[in-house]
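I set out to record what could be looked up in a structure before returning to the bench. The entries below are kept in the order of the search.

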Amino acid sequence: MTAPSPLAALLRAQVVMGRRWVASMRSESRLKVVFVAASAAVVWAGVFLFAYGLLELLERFGRDLLGNVGTVSAVRLTDLVLQRLLSAFALTVLVLLLLSNALAAFAALYRSREVAFLLQTPIPISTLFLSRFVEVVTFSSWALGFLGAPALLAYGMQRGVPWGFYLALPVFFVPFVVIPAAGGSIAAMALVRLLGGIRRGPLLLGALTLGGLLLALFRARLALPDLSQAETLRTILDVLGRTRTPWLPSSWLADGLFAAAGGRLGEAIFYLLLLVANAALLAWLATATAEALFFRGWSARTDPSGLGRAARAAGVGGGRSALETMLGPLPEPARSLVIKDLRLFWRDPAQWSQFVIFFGLMALYVANMRHRGSELAEGWRSWITILNTSATMLILATLTTRFVFPLVSLEGRRFWILGLAPLTRRFLVAQKFWLAVAATSTLTIGLALLSGLRLRLAPGELAFSLFAIVATTVALCGLSVGLGALYPNLVEESPSRIVSGLGGTLNFILSFLLVAAIAAAQAFMAQWRRLHPDDGPMVMLGAAGFILALTALATWLPLRAGVRNLESLEL
Amino acid sequence: MSAIQTIGLTKRYGATLAVDRLDLAVPAGELFCFLGPNGAGKTTTIKMLVGLARPTEGVASIGGFDVQRQPLEAKRLLGYIPDMPHLYDKLTGREMLRLVAGLYRMPAAAAAELIPQQLELFEIAHVADRPIEGYSHGMRQKLSFAACFLHQPSVVVIDEPWVGLDPQSIRRIRDDLRRRAREGLTVLLSTHSLALAEQLADRVGILHRGRMLAVGTLDEIRGHAGGGASLEDVFLVLTSSEDDPAAPPLTRENP
């Protein structure tokens, strides 16, 4: 009997660990598991219903527009819009997957403790890389599968496509997610090898400049002309069409799925083979890159002289740093704890790079806001303000879930240092809460102010919008720090993995519900004021009171539960 | 008043009894050594003493302060060195000591004076400005010692102190511990090394299956076995007779 290959053995071990993780749910609180599972089902059903409704709307829109021409043309028009929408969506997903895979590959290849163990075993680097690569693909792409499936199922059911379309979905999905995973892995290995010694400041500046240039390019290419023009539809189709190009995997996916939906088997197989061939080539290139660059990059990161260079690149020095001077007025031990948290964040590429991406998304949102405040009717302006605040709050909810929720868990096995110090666990939680509030409110207040000014909001509306943003920031930070302390994971080192646990999922769902409740209060206020203008101040006070009460509850309850849990935590 | 005291200290993990009604008193200035085989309950006892685990029953106190009821007062007096020093890898050694100084609210001037001293004393000044992730196990252990002694504790608890240290460092730290004990520092040290206990301890306690089998000076412990028995003999016989009640008596093993 032949021995299994090392790769098979490694993958089997990963499957076993995955099963254990699923089995560990049994030890979680049943209420928490049921709540998260029910919320996931609601999200899945929501995506399905939303996509189905959107398709119906598009079809009606096509019929209304071309009613006098005939149903066939209306269907073709709807298909054209959908194909272009799918192309644009697939391109966005491709870019996001490329970024997230680069970060996941960095974590899996350079930060995982298992790698040190694997490197001293007699397995080739290519085997080591492939075993980690499977993990990277799975970790980065499961959410796309989870959220993309209901949308595409809705498409199939609404259009009554042949059954081959449903079979094509997973077959197209696998090569499509392998492409950005391979690209991201190559980028991560090349960056670690080539940029390891460059100082972080210029590196970040260079990345931001590059990001700005790309943004300008996208804006120039995808800029939407004035929609008041008569040829609105043609304009939208034209702009969406610019995301399609025969050179991009996103277009192959969109065209292949549409061919499968239309029963054009030959065309579907052509696009599938195109995806598979490119995925295989990129996976081979990534493996070759690993053989050429991985070990040199890994050893440079871990040997003391390499660490010295990396430390200098991160601005590590012996003297009193600007950060220490800046935080001088803070009393001890809060000052030392804040300095420690900020340093650990700044020195972890997996943390600050993701933060830059989040911040970039928020900046992109504000940059794309059109200043047409004066052209909009009063009612529309209120609704746009609410949508604007809600969008900012939703991004903030993602930000707090990703960066604030893991704050307690990231103390990890070092918790004994804090546990031993003469400070209460309540103090620790409070320090993390106020640090999170200070860091996030600086961002959100700035963005809300900027977007409010761009929309030319009235002073009262701007003030209320700012109030809602500050209240939500406090509530989201309270929720995230509190739940982070209630469900700490002191074993896992990777913040992304900490967040993807049940506690992190629960945190995101509750954050989403909180944002929805605050947005609903704002919407209620706006509508009431529109219908009963005389009640304006009273309704505004009522809405403010509701938001304040909600903030107080969402802050206090989780923080109290978190403190209690940490107080009873044994290390 | 004892610097370290436990009364009926008990810890259960479900059905497993890890520490069983432990009574212990270590006076100020004593160097007390905990001995015991793997799983004897040494680390669990230490964690209860330093406030990282809660006793199921009983009391642990440091300098007269109940670790559970007056944790902050107890912790101000206490220093701890774990067997596996998990530290903040992205900080440098010097930054780690500054963090510790801040956590213990040390005045800035005192911290500025003591941090370089500790770095020199434990021979890690040359790597003080490098990230800890590049430290060897021994360097981490030395940094743990430096962090532990930085705030000048009056009671120090050390779990397996020599892990990763070279012979010269072991000698230097051993001498330093002796000197500090003479100056009034109380040390509770847990180890597997019987030789270390023989060289260093004022008194020894042998722990097995959560129970204290014997406590006393080395001579008193050896006296259990009659003249001429080594600490190793006593240890092996005590712990094996606990495992096997039918084992021959101690004196027969050491005629």
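The entries that follow cover chain A, the contact between the chains, and the sheets of chain B.

**Entry 1. Status of the model**

I noted at the outset that this is a predicted model.

**Entry 2. Chain A**

I looked up the secondary structure of chain A and found 21 helices and zero strands. Chain A has 571 residues, and 35% of them count as buried. I then turned to the contacts in chain A with a separation of 6 or more: 83% of these join residues 24 or more positions apart.

I examined helix H5 of chain A, residues 125-159, in more detail. From its first C-alpha to its last, this helix of 35 residues reaches 47 Å, close to the 51 Å expected at 1.5 Å a residue. Where does H5(A) bend? I located a bend of about 45 degrees at A:Ser141. After H5(A) comes A:Gly160, with a positive phi near 60 degrees.

**Entry 3. Contact between chains A and B**

I listed the residues in the contact and obtained 26 from chain A and 29 from chain B. On the side of chain A that touches chain B, the elements giving two or more residues are helix H11 (304-313), helix H13 (334-346) and helix H16 (415-420). H13(A) provides the largest share of that side, with five residues. Sorted by class, the same side of chain A holds 12 nonpolar, nine charged and five polar residues.

**Entry 4. The six-stranded sheet of chain B**

I traced an open sheet of six strands in chain B, with mixed pairing and the order E6-E7-E8-E3-E9-E10. Its edge strands are E6 (78-81) and E10 (211-216) of chain B, each of which pairs on one side only. On average, and with direction ignored, neighbouring strands of this sheet are turned by 15 degrees against each other.

At the E6 edge, four bridges pair E6(B) with strand E7 (residues 155-159) of chain B in the parallel sense. There B:Ile81 stands opposite B:Ile158 of E7(B). Helix H5 of chain B, residues 137-150, packs on the sheet and touches both E6 and E7 of chain B. The direction of H5(B) makes about 175 degrees with that of E6(B).

I next checked strand E9 (residues 203-208) of chain B. Why is E9(B) described as largely enclosed by the rest of the structure? Five of its six residues are buried, so the description follows. Strand E3 (residues 31-35) of chain B pairs with E9(B) in the parallel sense over four bridges, and B:Leu35 stands opposite B:Ile206. E9(B) is also joined to E10(B), by five bridges and in the antiparallel sense; here B:His208 faces B:Arg211 of E10(B). I recorded E9(B) and E10(B) as a hairpin with two residues between them. In that turn, B:Arg209 has a positive phi of about 50 degrees.

**Entry 5. The four-stranded sheet of chain B**

I found an open sheet of four strands in chain B, ordered E2-E1-E4-E5 with antiparallel pairing. Strands E2 (16-26) and E5 (65-66) of chain B are its edges, each pairing on one side only. Seven bridges hold strand E1 (residues 4-13) of chain B antiparallel to E2(B). Which residue is the bridge partner of B:Lys11 in E2(B)? I identified B:Val19. Finally, I noted that helix H1 (residues 42-49) of chain B lies across E1, E2 and strand E4 (57-62) of that chain. H1(B) runs at about 120 degrees to E1(B).

Methods: Residues numbered from 1 in each chain as written. Chains lettered and ligands numbered in written order. Predicted model: local features only at pLDDT ≥ 70, side-chain atom pairs only at ≥ 80, totals over all residues. Contact = placed C-beta atoms within 7 Å. Nonpolar A, V, L, I, M, F, W, Y, C, P; charged D, E, K, R; others polar. Pairing = 2+ DSSP bridges. Axes fitted to C-alpha atoms, helices over the stretch in contact; angles between N-to-C directions. Expected span 1.5 Å × (residues − 1). Bend = angle between axes of the 7 residues up to and from the residue. Buried ≥ 20, exposed ≤ 12 C-beta atoms within 10 Å, placed from the backbone.
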